[in-house]
Amino acid sequence: MRLFSTAALVAALFAMNVIAGMEQLATVLPSCALDCMVTSVSQSSCQAADQKCLCNDAHYTAILQECVLASCTVQQSLTTKNVTTSACGDPIRDRTNIVSHTGVAGGVIALVAFILRMTARLRCCGGVFGADDWTMMLTMAFLIPLSALSVVLANAGLGKDMWTLPSNNITHILYVYFWDELIYLSILPLTKISICCFYLRIFPDRKFRNATYITISLNLCYWIAFILISVFQCRPIPGAWHRWYEEENYKCNHINAQGWAAAALNMVLDIIVMILPLRQLYGLNLSVKRKSYVMCMFSLGIFVTLVSILRLNSLIHFASTTNLTWDYVTVGYWSTIECDVGVVCACLPAIRSLLRRVSPGLFGDTEHAKSSYGLNSHSRGTGSQFAVVPVQSKSDDRQFYPLGDMDNSDEARLHHKHPV
């Protein structure tokens, strides 16, 4: 990756009384850049001491840039660019706050959603822990470090122009980014697996369950495959964070193609998980208000897909970047947002259960009619109350909670068998 491409190069001849100026430049610029300036100055229409003119001379900039790219290493080019941009008075760009604030804010929102989910599963709230909850716990074990690493990356300089940072900072950012990528690629499939495990708790239909198991398997394959691809993206492995300065012999995959493949397959799996339960939901015997609410809630995964599309758009600049500590910001914060939104969507059914317990009238009532899940009448005093009860699957001994109660109704606590 060679980086050296702005009019600021021209300003390296700042305040030149030609010889005195060259002596000053020799103390801060690499010799390759000084040689390029000496051989190129005659091709400029500006006076050698006219810094302002040189900063705006596009013809001279192009000639000098070509020479520096051919003669200097990446690190020498960055040093030269840092000196010349300062000499031309170019503004210092800094969006590190976007990196840290997005990571922390998104992580806090996801953590709050997770805590509400876990509260809904407590026995005192009428809930029951299942495989979906344990999977979500594992997901959060990855998501919390992902949010914390956003602060680490921002402090190291992600969000600033590459030439303004020490070389060690650039290497450190890429090293953290390497682990960040592995965490990201773990959160995505785990979130979808958690949602699929939730489907298994509420839908007894055998064909649907088989389709759900297949979807879980596809997500596991995605997880394993892309973790391995990312770990071994360069040979030897340290090339992932050292290859940027092009001074060692590292063999790396086409990183952009790898990113596009992972993003595209993830979007396909998002869509599969989102549409998987819609037919089952449509067949529920619920009030129109309640059915609409439940179907909308399960379809909120579309927001995750939209975030994935926005992240995919940011990958357009990912491969050709010559300013990685600036251009990686967009990919980074969309990746973080994608993970956070996915966790929140996965927690919504349990949050709905908790809110329904606090305010039952908020979500409408199940129709008092015979549904596919069955009805049971429990007498209380002089009246009777219809309660939805679990249905036994014909193929095994599990019991399934009807969607109307979201695993969290008062009636659910009357039963002893709970799906795992």
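Colleague: Is R201 buried or exposed in this model?
Modeller: The model is a predicted one. The cut-off for buried is under 20% relative accessible area. R201 has 0% relative accessibility, so R201 counts as buried.

Colleague: Which residue of helix 7 meets R201 at 3.2 Å, N to O?
Modeller: R201 lies in helix 8 and its partner in helix 7, so the pair ties together parts that are 68 residues apart in sequence. The partner has 0% relative accessibility and counts as buried. The side chain that meets R201 in this salt bridge is that of D133.

Colleague: Which residues are joined with R201 into one network of salt bridges?
Modeller: R201 also forms a salt bridge with D132, with the closest N and O atoms 3.0 Å apart. That pair links helix 7 and helix 8 across 69 residues, and both D132 and R201 are buried. Through shared partners, the network joins R201 with R117, R121, D132 and D133.

Colleague: What is the distance between the closest N and O atoms of D161 and R93?
Modeller: D161 is in the loop between helix 7 and helix 8, and R93 is in the loop between helix 5 and helix 6, so their salt bridge ties together parts 68 residues apart in sequence. At 4% relative accessibility D161 counts as buried, whereas R93, at 35%, counts as partly exposed. The closest N and O atoms of the two are 2.5 Å apart.

Colleague: How many salt bridges does the structure hold?
Modeller: Side chains of opposite charge can pair when their charged atoms come close. The pair of D161 and R93 is one example. For the structure, the number of salt bridges is 8.

Colleague: Which helix gives the most to the largest nonpolar core?
Modeller: That core has 68 residues, and L158, Y199 and W244 have the most contacts inside it. Among the helices that each supply at least two of its residues are helix 5, helix 7 and helix 15. The greatest contribution, 20 residues, is that of helix 8.

Colleague: How far apart are the end C-alpha atoms of helix 8?
Modeller: Helix 8 is mostly covered, with 29 of its 36 residues buried. At 1.5 Å a residue, the helix should span 52 Å. The distance between its end C-alpha atoms agrees with this, at 54 Å.

Colleague: What does L158 contact, leaving aside its neighbours within four places in sequence?
Modeller: L158 is among the residues with the most contacts inside the largest nonpolar core. Its contacts beyond those neighbours include T96, V99 and L153. The others are I173, Y177, L324, T325, Y328 and V329.

Colleague: How many residues does the second, separate core have?
Modeller: This core includes L29, M37, L64 and C67. L29 is 55 residues from T84 in sequence, yet their C-alpha atoms are 9.3 Å apart. The number of residues in the second core is 14.

Colleague: Which helix provides the largest share of the nonpolar surface patch?
Modeller: The patch, of about 350 Å², is made by V104, V108, V112, L116 and V151. V108, at 46% relative accessibility, counts as partly exposed. The largest share, 4 residues, comes from helix 6.

Colleague: What percentage of the chain's residues count as buried?
Modeller: The chain has 15 helices and 6 strands. Its accessible surface comes to about 19400 Å², with 63% belonging to carbon and sulfur atoms. Of its 420 residues, the share that count as buried is 52%.

How values were computed
Residues numbered from 1 in each chain as written. Predicted model: local features only at pLDDT ≥ 70, side-chain atom pairs only at ≥ 80, totals over all residues. Heavy atoms only, no water. Core = buried A, V, L, I, M, F, W, Y, C linked by side-chain atoms within 4.5 Å. Buried < 20%, exposed > 50% of the residue type's maximum accessible area, 1.4 Å probe, protein only. Contact = heavy atoms within 4.5 Å. Patch = residues over 30% accessible without salt bridge, like charges linked within 9 Å, V, L, I, M, F, W, Y side chains within 5 Å. Areas by Shrake-Rupley, 256 points an atom, 1.4 Å probe, with all protein chains shown as cover. Salt bridge = Lys/Arg side-chain N within 4 Å of Asp/Glu carboxyl O. Expected span 1.5 Å × (residues − 1).
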